[in-house]
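Reader: I am a first-year student, and I should like to study one part of this structure closely. Would you please take me through the surroundings of the bound ligand and the part of the fold beside them?

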Amino acid sequence: MEATIQALGVRKAFGTRTVLDGIDLEVPAGSIAAVLGPNGAGKTTLLNILSTLVAPDAGTVTVNGHDLARDPSAIRESISVTGQAAAVDEVLTGEENVTMMGRLNGLNRAEARRRSRELLESFDLADAARQRVVTFSGGMRRRLDLALSLVATPPVIFLDEPTTGLDTRSRRALWQTIHGLRTDGATILLTTQYLEEADELADDVTLIDGGRVVASGSPGELKAQVGETVVELKTHDGELLAAVPTDGTLPGLRAAINQLEERAAPGAAVSLRSPTLDDVFLHLTDPAAGQATTQKAFS
Ligand SMILES: Nc1ncnc2c1ncn2[C@@H]1O[C@H](COP(=O)(O)OP(=O)(O)OP(=O)(O)O)[C@@H](O)[C@H]1O
Ligand SMILES: [Mg+2]
């Protein structure tokens with residue numbers, strides 16, 4: 001079956017600066033995909049292209065079976081995008097905002113009320129529902145933004161850094177909401193700076209750097225590419241001196257320890273742990289690690 005979101009050879013330059021240099025991406029129906037990358041990697045630009053806000057210079061995009069070049073308005077009808085909700089009305093209360101958005105999306109009055117209560121509850125805004133938005137804190141506004149973008153649940157949902165600026169509790173609540181959307185059949189593409197978030201949420205992760213896809217796969221697959229085990233060297237008060245991924249074999253471990261020997265300080269201790277997505281990210285996007293490391297880790 002054709003993927004719900006499909007990008008092939010997407011390119012975009014702003015002036016002379018190439019921001020996306022041939023991106024391929026496929027998100028199967030009913031799955032959650034995360035796009036990861038350092039600041040300026042092109043994540044937002046990619047999301048803007050997929051959601052019809054920015055035109056690509058080259059490449060093909062289909063979303064929910066619609067071709068971007070031929071039928072962008074059909075794509076717009078199939079998606080929701082965060083940020084859209086710059087439509088927050090400061091004079092209205094939180095509840096009024098969400099209810100109004102529900103009405104605009106074709107819900108009847110009772111449905112709009114019910115959905116509003118549900119969303120305000122799940123974003124921990126129930127107590128503030130009757131307050132005017134003008135009195136909301138930054139985090140509350142952010143949560144209201146997200147609630148608004150989820151009033152209607154179209155088949156495809158784009159979320160650009162949905163949990164940036166949220167506290168831990170709100171972040172977990174949003175994760176739950178996102179899992180729930182997938183359970184209901186939505187296909188979700190999100191960007192994030194939080195590796196833990198990608199690990200928690202995503203079926204597939206696409207890592208982009210310098211406008212290109214540098215790795216993709218499930219969180220488990222990506223971690224397995226880094227190695228079986230990471231050997232860490234820490235000072236006696238716990239400061240990390242070095243982390244070297246290994247294949248988990250005895251010769252691999254020996255080689256890692258030899259490598260760490262150069263960095264050893266008096267009293268430094270060695271420990272082993274499983275790889276995280278952070279290891280994948282750093283190995284593939286750290287300029288200091290360079291091409292050699294990339295090839296070593298991914299050959
Ligand atoms: N409209 C524009 N005009 C010129 N340059 C742009 C424009 N939009 C984005 N860029 C540049 O394109 C590059 C990628 O930007 P983009 O916002 O896609 O990155 P990002 O991965 O989302 O970064 P962040 O993690 O900081 O959100 C950046 O160097 C940015 O300055
Ligand atoms: Mg961005």
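Author: The following account begins with the ligand and then turns to the strands and the helix of the fold. Please bear in mind throughout that this is a predicted model.

Which residues surround ligand 1? The shell consists of Phe-14, Arg-17, Val-19, Pro-38, Asn-39, Gly-40, Ala-41, Gly-42, Lys-43, Thr-44, Thr-45 and Glu-161. By character, four of these residues are nonpolar, five are polar and three are charged.

Three polar contacts may be examined one at a time. In Ala-41 it is the backbone that takes part: one of its N or O atoms is 3.1 Å from an oxygen atom of ligand 1. In Lys-43 the side chain takes part, with a polar atom placed 2.7 Å from an oxygen atom of the ligand. Thr-44 likewise uses its side chain, in which an N or O atom lies 2.8 Å from an oxygen atom of ligand 1. As for the ligand's surface, ligand 1 on its own has 630 Å² of accessible area, and the protein covers 59% of it.

The shell may next be related to secondary structure. Both β2, spanning residues 17-27, and α1, spanning residues 43-50, supply at least two residues each to the shell. Which of the elements gives the most to the shell around ligand 1? That element is α1, with three residues.

Both elements lead us to a sheet. Strand β2 belongs to an open sheet of four strands, arranged in the order β2-β1-β4-β5 with antiparallel pairing. Within this sheet β2 is an edge strand, as is β5 (66-67), and each of the two pairs on one side only. Further in, β1 (residues 5-14) and β4 (residues 58-63) run antiparallel and are joined by five bridges. One position may serve to locate this pairing in the model: Arg-11 stands opposite Ala-58 of β4. Helix α1 lies across β1, β2 and β4, and its direction makes an angle of about 60° with β2.

To draw the parts together, α1 thus appears in two settings: α1 supplies three residues to the shell of ligand 1, and α1 also lies across three strands of the sheet, namely β1, β2 and β4. Strand β2 also appears in both, for β2 supplies at least two residues to the shell and stands at an edge of the sheet.

Terms used:
Residues are numbered from 1 along each chain as its sequence is written. Chains are lettered from A and ligands numbered from 1 in the order in which they are written. This is a predicted model: local features need pLDDT of at least 70, side-chain atom pairs count only at pLDDT 80 or more; totals for chains, interfaces and linings use all residues. Side-chain values use heavy atoms; hydrogens and water are left out. A residue is near a molecule or strand if one of its heavy atoms lies within 4 Å of it. A polar contact is a pair of N or O atoms within 3.5 Å; within protein, one must be able to donate a hydrogen and the other to accept it, and residues adjacent in sequence count only if both atoms are side-chain atoms. Accessible areas come from the Shrake-Rupley method with a 1.4 Å probe; for residues, only the protein chains shown count as cover. Ala, Val, Leu, Ile, Met, Phe, Trp, Tyr, Cys and Pro count as nonpolar, Asp, Glu, Lys and Arg as charged, and the others, Gly among them, as polar. Two strands pair if DSSP finds at least two bridges between them. Contact means heavy atoms within 4.5 Å. Axes are lines fitted to C-alpha atoms, for helices over the stretch in contact, and angles run from 0 to 180 degrees between N-to-C directions.
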